[in-house]
Amino acid sequence: MLLTLSSGAYSDSQLGIDCLLKAYPRFLLEKDGDNLVLADGHRLPYGSGSQGNFEDRLDHADLHDQMSQCYSPGFPVDQPRLNEDPGRMRHEPFFKRLYGEDKLAVQRNIVQVSWAPTGRFLLFSRIAGADQALIRVGNAIAARPELRHLVSSPVGTLYWRTIQGTKRTSTHSFGIAIDFRLPHGLGHYWRWAGCLPEKSCAYPERVLQDRGLRDIVTIFEANGFIWGGKWFHFDTIHFEYRPELLVAECTCKSQEK
């Protein structure tokens with residue numbers, strides 16, 4: 001079950017800020033009221049949540065929105081319900097301050113990462129340990145020969161662009177996301193399926209049952225990545241580095257205890 005932070009016994013702002021501080025200790029120094037103090041002295045307001053329907057919140061998300069849906073690592077996991085998309089609401093100023101304000105600024109922080117399952121190199125951000133996290137994922141998968149074929153065809157890491165059908169900046173723009181061409185009919189994206197925003201959509205439930213893919217997801221999650229297959233607006237080929245959602249206190253499974 002996916003829960004929102006407000007559904008638990010925690011203070012929204014307190015828990016969300018604490019998890020951000022733990023996830024990005026060199027970038028975020030401290031909290032000042034409901035503000036986050038960055039290492040360069042800049043302050044980012046945490047906010048109290050944007051208004052409007054779900055699409056409006058996606059377009060205008062503040063940090064409160066970003067942390068408002070907890071992510072459920074591991075398996076088994078329930079099929080997501082309407083608009084349960086932990087991680088899709090992103091406060092764009094936060095990512096631009098962290099990874100780069102524009103394409104050129106981002107590129108200055110991009111390095112070549114050896115992807116052990118194929119022996120090839122991928123472009124990824126070095127900020128906040130994202131590159132090292134991807135290396136650890138690749139090494140763990142390479143140690144499991146039966147899993148390598150699932151991630152042998154990466155189809156995108158760094159690519160400065162907006163998300164299809166929106167004006168929102170993709171996390172691929174910051175070099176913190178990776179997509180794969182998944183075999184065995186495991187690759188699904190809600191827009192490819194003809195789904196519409198705010199409408200019911202047939203979730204490809206079989207992907208939650210594939211043992212190999214589950215092992216791949218578990219390895220990614222252990223290293224700070226979330227999986228788009230756990231979104232109502234599913235994107236099963238997509239993994240993105242979002243360690244703030246995998247700090248133990250912020251996961252759904254921690255709050256269910």
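This briefing covers a small sheet, a nonpolar core and the setting of Asn83. The model is predicted. Its largest nonpolar core has 68 residues. Its open sheet has three strands.

**Sheet**
- The strand order is S1-S2-S3, and the pairing is antiparallel.
- Strand S1 (28-32) and strand S3 (43-45) are the edge strands, each pairing on one side only.
- From one strand to the next, the twist averages 25 degrees.
- Four bridges join S1 to strand S2 (residues 35-38) in the antiparallel sense.
- Asp32 sits opposite Asn35 in S2.
- In general, the strands of a sheet pair through backbone hydrogen bonds.

**Nonpolar core**
- Within the 68-residue core, Phe94 and Phe220 touch the most other members.
- Helix H1 (residues 12-23) gives the most to this core, namely six residues.
- Setting aside residues up to four places away in sequence, Phe94 touches Leu20, Tyr24, Phe27, Leu28, Leu44, Leu63 and Gln66.
- Nonpolar side chains tend to be buried together in soluble globular proteins.

**Asn83**
- Asn83 lies in the loop between helix H3 (63-66) and helix H4 (92-99).
- Asn83 counts as buried because its relative accessibility is 11%, under the 20% cut-off.
- The Asn83 side chain makes a polar contact with the side chain of Glu198, at 3.3 Å.
- Leaving out residues up to four places away in sequence, Asn83 touches Phe54, Gln69, Glu198, Phe232 and His233.
- Glu198 is thus named both as a polar partner and among the residues touched by Asn83.

Definitions and conventions: Residues are numbered from 1 along each chain as its sequence is written. This is a predicted model: local features need pLDDT of at least 70, side-chain atom pairs count only at pLDDT 80 or more; totals for chains, interfaces and linings use all residues. Side-chain values use heavy atoms; hydrogens and water are left out. Helices (H or I, at least four residues) and strands (E, at least two) are DSSP runs, numbered from the N terminus. Buried means under 20% relative accessible area, exposed over 50%, partly exposed in between (1.4 Å probe, protein chains only). A polar contact is a pair of N or O atoms within 3.5 Å; within protein, one must be able to donate a hydrogen and the other to accept it, and residues adjacent in sequence count only if both atoms are side-chain atoms. Contact means heavy atoms within 4.5 Å. Two strands pair if DSSP finds at least two bridges between them. Axes are lines fitted to C-alpha atoms, for helices over the stretch in contact, and angles run from 0 to 180 degrees between N-to-C directions. A nonpolar core is a set of buried Ala, Val, Leu, Ile, Met, Phe, Trp, Tyr and Cys residues joined through side-chain atoms within 4.5 Å.
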